[in-house]
Amino acid sequence: MARRPVTQRVALAAAVAVGFAALVGCTGDPAPLPSLTGGVVVAVDVPFASLNAATPRGRAPGSVLVRSLVQDGFVSLDAGGRAVPDEGFGSVEKLADDPLTVRYTLARTATWSDGVPVTAADLLLEWAARSGSLDDVVPELGDDGEVVNGDALDSGVAFAATSRALVHAQTVPTVDDEGRVTVVYARPVPDWQVALDVNLPAHVLGREALGVEDDVQAAQAVVAALAAPADHHDDLSALSRAWRTAYDDDALAAAAGVAVTTGPYAVSKVLPDQRVELVRNEQYTGSRPARFDSLVVRSDVHPLDQVTALRDGEVDVVAPVATTDVREALDDAGARVVAGGDAVWQLVAQVAPGGVLAAQGTDPDHVTADDVARAAQVRRALWGSVPREQVVDEVVAPLWPQAEVEQSVLATVGAGAGGAVDTRTADVAGARDALDGAQVTTPVAVRLLANTVDPLRAHVVDLVTAQAHEAGFEVVAATSDPATALWAEPGTWDVALVPTVQDELPVASLVERWGTDGASNVTGWSDAATDEAVAALAAQLDPAALPDGEAALAARLVEAGALTSLVRAPALTATRVEALAGRPDVGAVPLLQLARADLTDWWAWASA
């Protein structure tokens, strides 16, 4: 099978995680599977792309899945986007609010899988990469989304992974005599608990990029280059190049020894677009030791073939794309099936000037408060026509019988997180009255952007279209490609059917998504009350106070008609009811939710 381009493979991985068409890989194996004695095999529909947690490839769902098993850190994220500390690895302490000052203390037992201790050098490397303070070249993308200045990136200093949090920590962190690292931020960062963590090993990069063989000296060489960038441009160029690329699947396939990690399992082999083979990390002394001698994560098996492989004992856990035929096949095979919800499907309104759901006055240069109120009424009328209960019953319940209308409105996979405030029920007559009260010409033509290649979402579009017609809207499917139009072509759609996925920086994602000038504000949303709620969140440094701030933001978005939530996308995970002779019994395996930013706790079943 021909290799897909890098961007296409990562895009496909992300698409599957949020419910797009299933990735169907080749079923041929380029190499035999390792012995299954003492080991287990997991089959999923998303390929591994990178061990680097700070790159787009490393944040693809298949990469998150593998990395959550092979990496430990100071903090992980639960389903609600809350920080869960791992005191066995170290601690993260807020020392001051103004300026925000955070100290990192590594546990003496924190060790890389090659036996080298985790040190301040590893944190300094990650700070340098994510703060962007040393980069002198930035990626330039062509119309196809591919990098067009690769030569400049390779010859310059380009970690090219600036974090929305660490960009505010431009001052080089300090390291005290005990090896504790202190970071000072120039402004409040609500995600300070998860803003910085150990990612790639400094000593390995020092060896691979700088040619220093001794582990201690290699890490020191990295720190020296970071501390005096003007004197080490060539070293920093080599370091940033290796940091960007040496942990991608292709590179690890050729040099798996580079894949030094900190978690209960270690990488032994990478076969791109096929599988990742893991073994017990013998150096691990953390809080979740490996339960099995080996673990293989496969992504090369067709969803229906995953069911057959489960039945025949070739795999132990499957998490195929959720379709009716896959669910029926699992039931016929007598598998233990866990069904549930993943990303929330939402309808969001495009309110940039000129759209039918935006405020429009008789004078284009002057929009009045009445114009704003009228636009909100039109949006609420559209949401009031949406048959949410019917979507649940007809689209999702056949796969997940316990499915319910979703009420949370913020991007999270945690049930009820962010405030359960979207409680409206379908009311066509009320929607028609609201539309009449807005005094707009009917029918109102609405272009709906959705991935109709996915049969489930295509069914949602049909249901929404039919009932909206009764309320006075003419909904038509937009012709643009959802993968690009959502961001690049705001003038081609009025409403988009999108999944909400968890972000590595949960609060920053809300600020940038809903603030008037937010970097990821794809709908043009601008509302004074929303900005007030966003500003309060952006300044909040107390994790315990975040739920109240998120609930206030969610309530305002519903009140102003920014969006409506439908239901969580269905997801399936299955195991055999009884283990095969001579094979481990994996026991109860929870639902795999690939829309999560961190899957560390999902792997609890693979820990002793």
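The legends below describe several close-up views of one predicted model.

In this predicted model, local features are taken from residues with pLDDT of at least 70 and side-chain atom pairs count only at pLDDT 80 or more, while totals for chains, interfaces and linings use all residues. Residues are numbered from 1 along each chain as its sequence is written, and side-chain values use heavy atoms, with hydrogens and water left out.

**View 1. Helices α12 and α14 cross with a right-handed turn.** Helices (H or I, at least four residues) and strands (E, at least two) are DSSP runs, numbered from the N terminus. The axes of helix α12 (residues 388-396) and helix α14 (residues 455-471) come within 10 Å and cross at roughly 150°, where axes are lines fitted to C-alpha atoms, for helices over the stretch in contact, and angles run from 0 to 180 degrees between N-to-C directions. A crossing is called right-handed if the near helix is turned clockwise from the far one by less than a right angle, and left-handed if anticlockwise. On the α12 side, Gln390, Val391, Glu394 and Val395 meet Leu456, His459, Val460, Leu463 and Gln467 of α14, contact meaning heavy atoms within 4.5 Å. The residues of this contact divide into five nonpolar, three polar and one charged; Ala, Val, Leu, Ile, Met, Phe, Trp, Tyr, Cys and Pro count as nonpolar, Asp, Glu, Lys and Arg as charged, and the others, Gly among them, as polar.

**View 2. Helices α9 and α10 run roughly parallel.** The axes of helix α9 (residues 303-312) and helix α10 (residues 324-332) come within 9 Å and cross at roughly 10°. That angle makes α9 roughly parallel to α10, since angles under 35 degrees count as roughly parallel, over 145 as roughly antiparallel, 65 to 115 as roughly perpendicular and the rest as oblique. Pro303, Leu304, Val307 and Leu310 in α9 meet Asp325, Val326, Ala329 and Leu330 in α10, and the residues of this contact divide into seven nonpolar, no polar and one charged.

**View 3. Helix α2 is mostly covered.** Helix α2 spans residues 61-70, and 10 of its 10 residues are buried, where buried means under 20% relative accessible area, exposed over 50%, and partly exposed in between (1.4 Å probe, protein chains only). Among the buried residues of α2 are Pro61, Gly62, Arg67 and Val70.

**View 4. Thr564 in strand β16 is joined to Arg424 by a polar contact.** Thr564 has its place in strand β16 (residues 563-575) and, at 0% relative accessibility, counts as buried. The side chains of Thr564 and Arg424 are joined by a polar contact of 3.0 Å; a polar contact is a pair of N or O atoms within 3.5 Å, and within protein one must be able to donate a hydrogen and the other to accept it, while residues adjacent in sequence count only if both atoms are side-chain atoms. Leaving aside its neighbours within four places in sequence, Thr564 is in contact with residues including Gln346, Leu347, Trp383 and Asp422.

**View 5. Asp316 is a buried loop residue with polar partners.** Asp316 lies in the loop between α9 and β11 (317-319), and its relative accessibility of 2% makes it count as buried. The side chain of Asp316 reaches the backbone nitrogen of Val41 at 2.8 Å, and a polar contact of 2.6 Å joins the side chains of Asp316 and Arg583. With neighbours within four places in sequence left aside, the residues in contact with Asp316 include Gly39, Val40, Leu310, Ala574 and Val586.

**View 6. Two cis peptide bonds precede prolines in loops.** One cis peptide bond joins Asp98 and Pro99, with omega about -5°, and Pro99 lies in the loop between β4 (90-97) and β5 (100-106). Another cis peptide bond joins Thr442 and Pro443, where omega is about -5°, and Pro443 lies in the loop between α13 (428-437) and β13 (444-449).

**View 7. Ala160 and Gln439 have a positive phi.** Ala160 has a phi of about 55° although it is not a glycine; the residue is placed in the loop between α4 (150-155) and β6 (174-175) and is partly exposed, with a relative accessible area of 32%. Gln439, also not a glycine, has a positive phi of about 55°; Gln439 is found in the loop between α13 and β13 and, at 67% relative accessibility, counts as exposed.
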